[in-house]
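Grab a pencil and work through these exercises with the model open. Try each task yourself before you read its solution.

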Amino acid sequence: MARQITGKKPKNMKKTMKNFLAYLGMHKFALILVGVLAIFSAGANLFGTYLLQPIIDNYIVPKDYDGLFTAVVFMGIMYACGAVCTAVYKQLMTRTSQKIVKEIRQDLFDKMQSLPLRFFDTNTHGDVMSHFTNDLDTVQDAMNNCFDNLIQSFTMITGTLIAIFILNWKLSLIVMISMISMYLMIQYYSKRSKYCFSHQQAAMGNLNGFIEEMVDGVKVVKVFNHEQKNFEEFERRNERLRIASTNALTYSGRTIPTVVSMSYLNYAIVACIGGFFAIAGNIGLGALASYLVYVRQTAAPINQFTQQLNFMLAAMAGAERIFTMMDESEEIDEGKVTLARVRILEDGTMQECKENTGHWAWRHPHDGQIELVPLRGDVRFHDVVFGYEPGVTILKGINLYAKPGQKIAFVGSTGAGKTTITNLINRFYDIESGSITYDGIDVKLIKKDDLRRSISVVLQDTHLFTGTIADNIRYGNLHADMDDVIEAAKLANAHSFIKRLPNGYDTMLTGDGANLSQGQRQLLAIARAAIANPPVLILDEATSSIDTRTEKLIEKGMDRLMENRTVFVIAHRLSTVRNSKAIMVLDHGEIIERGSHDELIAQKGRYYQLYTGQFELD
């Protein structure tokens, strides 16, 4: 078997099976063929064993060598056909199972792409990743190893029982008692081993988590000289894992030897009693030989069937978790307004076109007509109320406007609602009341994909993808050429450090850009936003990881980037917001002050206190 199960079973088997059968149904002809071939393979083995009776009674005892040769050849052909069927259905099952798992994985990833941010806020990345790794691996193992083997084992058990009762029903009563005993023993050891393996998994997860934490924090460990203490803690956790693993493997290791020993005992008892029956003339030598072979092979299919059934149930538990994620509510997008390329005619009017003119407009269908609204970047909040959880209000009646080309800054303590405001512009979350308009259009009417195409965001926590530096910058605009990439890098003042790298723009980045400094990663994130050339730019602590000298160097480039764009800036470093058109001071979800830097300094309110150091941001 591919992996040890931990005893978890699906909570709603009916629903899980319905979803799973939907995927199997797309390959029903292949699976039916697998089932037929598995039954034929098992049937060939069963029938080949049954042929021992006529071969011994009809050819060996009478010494009919010609008939014996023909019968043996026929038996060989039967076994050969069974072997061919096994090879064919195994290969077919492997291909089919991989297709099914691929389709499930593909649908799961597609679903993940359409889930709202709220889902990822309430589910850890590890939980989400476990669906693609542990759960899918369990389903894949079950498909590869259990589906066809279950059919074959069931056929072998059923066929063996029928055959032995046909050959001699009295001896079969002894075999039935032995088979029931073996089944109960398998169930007992399986239950105990699953319980112990669950403890082993918990101990292993605990140890792996500790190791990962120590590797990530190795610098802190060395700073405080905690190596010895950490080693002692590692020894304790490692010992717990050893004990749990020993118990688990002890029970799982006892199953097969116990069943095999019981089968040997059963075989010996049946052989002795069968011998007395043969002497008394109650069973022929051929029938006894066939019977003993059937008895000898009863243990394997029983053990196989029980184990495979448990593996299949565990796989259904993994499938249930996958389908639960697939049943999550997707982002609601009822928007009808889309972005369209336009050309500006001589009279100043706009006309839709397919070529790239550099001009965009909102294609707004209403009142049976299509209105083209220029994409300018005018963003306004009207009495916006919002909370991430019901009954917990974060923003309380926010009113603000940002005209095209204006730079609006948000300052305030952690949790005041600064990042929340920018999340609402992108419509990562829907507001409770009020409205947000973009170029005079309610954002709820704009398709989310088109809305987000018109906005670039530079986050405090940068994320770079595996690929070249050029690929990471081009991520903001996949249609950009190399000249556009270089220009965006120059705007963000990243060009100089990129050219100093051995491979320049072809430098490969891995591990989220681990081979670059934090500041360099931030510059690439700014370049990625610049290449998108959006009318609205959101800088969420975008320069927090850049030193003051580097920040001064990129100011000119950022000024060019922000030219004719609406810019929202979130910053704790107040020097970065001095040249903003308007500064909004937030406190507990409300705007308590607004104005330019000079106006707010003159008011000598909260902003003045923050700027002069009389009041510190939490």
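**Exercise 1. Work out how exposed Glu-352 is, then find its salt-bridge partner**.

Step 1: Glu-352 has a relative accessible area of 38%, so it counts as partly exposed. The cut-offs here are under 20% for buried and over 50% for exposed, with partly exposed in between (1.4 Å probe, protein chains only).

Step 2: A quick word on what you're looking at: this is a predicted model, where local features need pLDDT of at least 70 and side-chain atom pairs count only at pLDDT 80 or more, while totals for chains, interfaces and linings use all residues. Residues are numbered from 1 along each chain as its sequence is written, and side-chain values use heavy atoms, leaving out hydrogens and water.

Step 3: A salt bridge needs a side-chain nitrogen of Lys or Arg within 4 Å of a carboxyl oxygen of Asp or Glu. Glu-352 meets that with Arg-363, the closest N and O atoms being 2.9 Å apart.

Step 4: This pair ties together distant parts of the chain, as Glu-352 sits in strand E2 and Arg-363 in strand E3, 11 residues apart. Arg-363 is partly exposed too, because its relative accessible area is 29%.

**Exercise 2. Describe the sheet: what is the strand order, and which strands are at the edges**?

Step 1: Strands are DSSP runs (E, at least two residues; helices are H or I, at least four), numbered from the N terminus. Two of them pair if DSSP finds at least two bridges between them.

Step 2: Four strands make an open, antiparallel sheet in the order E2-E1-E3-E4. The edges are E2 (350-352) and E4 (369-374), each pairing on one side only.

Step 3: Zoom in on E1 (residues 338-344) and E3 (residues 360-366), which pair over 4 bridges in the antiparallel sense. One of the partnerships to look for is Ala-340 with Ala-361 in E3.

**Exercise 3. Explain why Cys-85 has no disulfide bond to Cys-81**.

Step 1: A disulfide is a pair of cysteine sulfur atoms within 2.5 Å.

Step 2: The closest cysteine sulfur to that of Cys-85 belongs to Cys-81, and it is 6.6 Å away, so that's too far for a bond. The structure holds 0 disulfides.

Step 3: Check the surroundings as well: Cys-85 counts as buried because its relative accessibility is 11%.

**Exercise 4. Compare the burial classes of Asp-378 and Arg-380**.

Step 1: These two form a salt bridge, with the closest N and O atoms 2.7 Å apart.

Step 2: Asp-378 is buried at 8% relative accessibility, whereas Arg-380 is partly exposed at 27%.
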